[in-house]
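Please take a moment with the sequence and the model below before reading on. The paragraphs that follow lead through the structure step by step.

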Amino acid sequence: LSFELVAHAPVLSFGFPSNTNLPELSVRLVRRLSLAQRRWRMLAGLNKGFKDTVNRAMQIGMTEPQRRTDAVELLTTWTWTKFNARLELMHEVRETWLADPGNFRLDPTKDPWAEHGPVELQQLRQEHEHELQELREKSRQKEKELANSALRERAATAELSLLRQELEAVKAQLKAQTTGELRLLQQELEAAKSQLRSAQQRQRSESHDRGLNAAIAERRSSPRASAATCSLAGRSSAVEDAETRGRVSRCLELS
């Protein structure tokens, strides 16, 4: 690994306005490639197409500084402030290694060559804690909403049970009233039926009495039959007279 000091500036400008229009210094962390790695990359690039093959062929006449530039792999770019912080970490790691080389273990959170250093990790940790706090707040709100919904559900269930009880009571009361009214109606119907039967019986007896009276009156008003007829029908008239007297006596008793 090696460092390269570079200058950054906006496109078509000498520098940044915040830096008095001067470029800002930065440091590139690069890795030197061996000759074998360079040849392997060149062969891998030849398989990409005709255009890359031509570009590789044109690079054969490059100068030595250009070859050195092409022989490195860029790992990351640090600002000057970040590079100073990483440099201090490098000194601390070196002192720790010099104190005990046999038991030296590099702390991943204090690796000066990592992409994310302690400052970035601290920022990430803070962001993670902030997001975790927001998730906890949302979880608490959801729990409160669930608790409130559970309470509302219990209240609705209790109200529903009360309504069911009231409905059952109303049904029972209505059934009792309906049963009593039906009994009364049945009794009234039976009484009406008995009155109708008695009225019919009276009407029949009255009509029968009227018929008997008319027959008796007609018999009394008719002239006496001849002696021959009486001698022939004497026995039958005697029977009829006896039956008529019995009917009249029964009618009189009924009236």
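In this predicted model, three strands form an open sheet in the order 1-2-3, and their pairing is antiparallel. Strand 1 and strand 3 stand at the edges, where each has a single partner strand, so one side of each is left without a neighbour in the sheet. From one strand to the next, the twist averages 30°. Strand 1 is joined to strand 2 by seven bridges, and these two strands run antiparallel; here His-8 stands opposite Glu-24, which belongs to strand 2. Strand 2 and strand 3 are likewise antiparallel and are joined by seven bridges, and in this pairing Ser-26 has Thr-79 of strand 3 as its bridge partner.

What packs on the sheet? Helix 4 does so, touching strand 1, strand 2 and strand 3, and the direction of this helix makes about 105° with that of strand 3. To place these elements within the whole protein, it helps to know that the secondary structure comes to six helices and three strands, and that from the N terminus on the elements run β-β-α-α-α-β-α-α-α. Reading along that order, one can see that three helices stand between the second strand and the third, although strand 2 and strand 3 are paired in the sheet.

The loop between strand 1 and strand 2 contains Leu-12, and the backbone of this residue deserves a look. The phi angle of Leu-12 is near 60°, which is a positive value in a residue other than glycine. Is Leu-12 buried or exposed? With a relative accessible area of 88%, Leu-12 is exposed, because the cut-off for that word is over 50%.

The next topic is the aromatic side chains. A pair of aromatic rings is described by the distance of the centres and the angle of the planes. The structure holds three aromatic pairs. One of them joins Phe-3 and Trp-78, which form a tilted pair with 6.1 Å centre to centre and 45° between the planes. This pair links distant parts of the chain, since Phe-3 lies in strand 1 (residues 2–8) and Trp-78 in strand 3 (residues 72–79), 75 residues apart. The two partners differ in how they are covered: Phe-3 counts as partly exposed because its relative accessibility is 35%, whereas Trp-78, at 0% relative accessibility, counts as buried.

Phe-3 also forms an aromatic pair with Phe-83, and this pair is edge-to-face, with 5.4 Å centre to centre and 70° between the planes. Again distant parts of the chain are linked, for Phe-3 is in strand 1 and Phe-83 is in helix 4 (residues 80–99), 80 residues apart. Phe-83 counts as buried because its relative accessibility is 11%, which is under the cut-off of 20%. Taken together, Phe-3, Trp-78, Trp-80 and Phe-83 form one aromatic cluster.

Seen as a whole, the protein has 255 residues, of which buried residues make up 11%. The accessible surface comes to about 21400 Å², and 57% of this surface belongs to carbon and sulfur atoms. Among contacts between residues at least 6 apart in sequence, 60% join residues at least 24 apart.

How confident is the prediction, and where is confidence lowest and highest? The mean pLDDT of the protein is 77, and 72% of the residues reach 70 or more. Confidence is lowest in helix 3 (residues 64–70), at a mean of 49, and highest in helix 4, at 90. Over residues 60–66 the pLDDT is below 50, and this stretch has two contacts in the model beyond near neighbours in sequence. Residues 224–233 also have a pLDDT under 50, and for them the model has two contacts beyond four places in sequence. Where pLDDT is low, the predicted coordinates should not be read in detail.

Key
Residues numbered from 1 in each chain as written. Heavy atoms only, no water. Phe/Tyr/Trp six-rings, centres within 6.5 Å; stacked < 30°, edge-to-face > 60°. Helix = DSSP H or I, 4+ residues; strand = E, 2+ residues; numbered from the N terminus. Buried < 20%, exposed > 50% of the residue type's maximum accessible area, 1.4 Å probe, protein only. Contact = heavy atoms within 4.5 Å. Areas by Shrake-Rupley, 256 points an atom, 1.4 Å probe, with all protein chains shown as cover. pLDDT = per-residue confidence, 0-100. Pairing = 2+ DSSP bridges. Axes fitted to C-alpha atoms, helices over the stretch in contact; angles between N-to-C directions.
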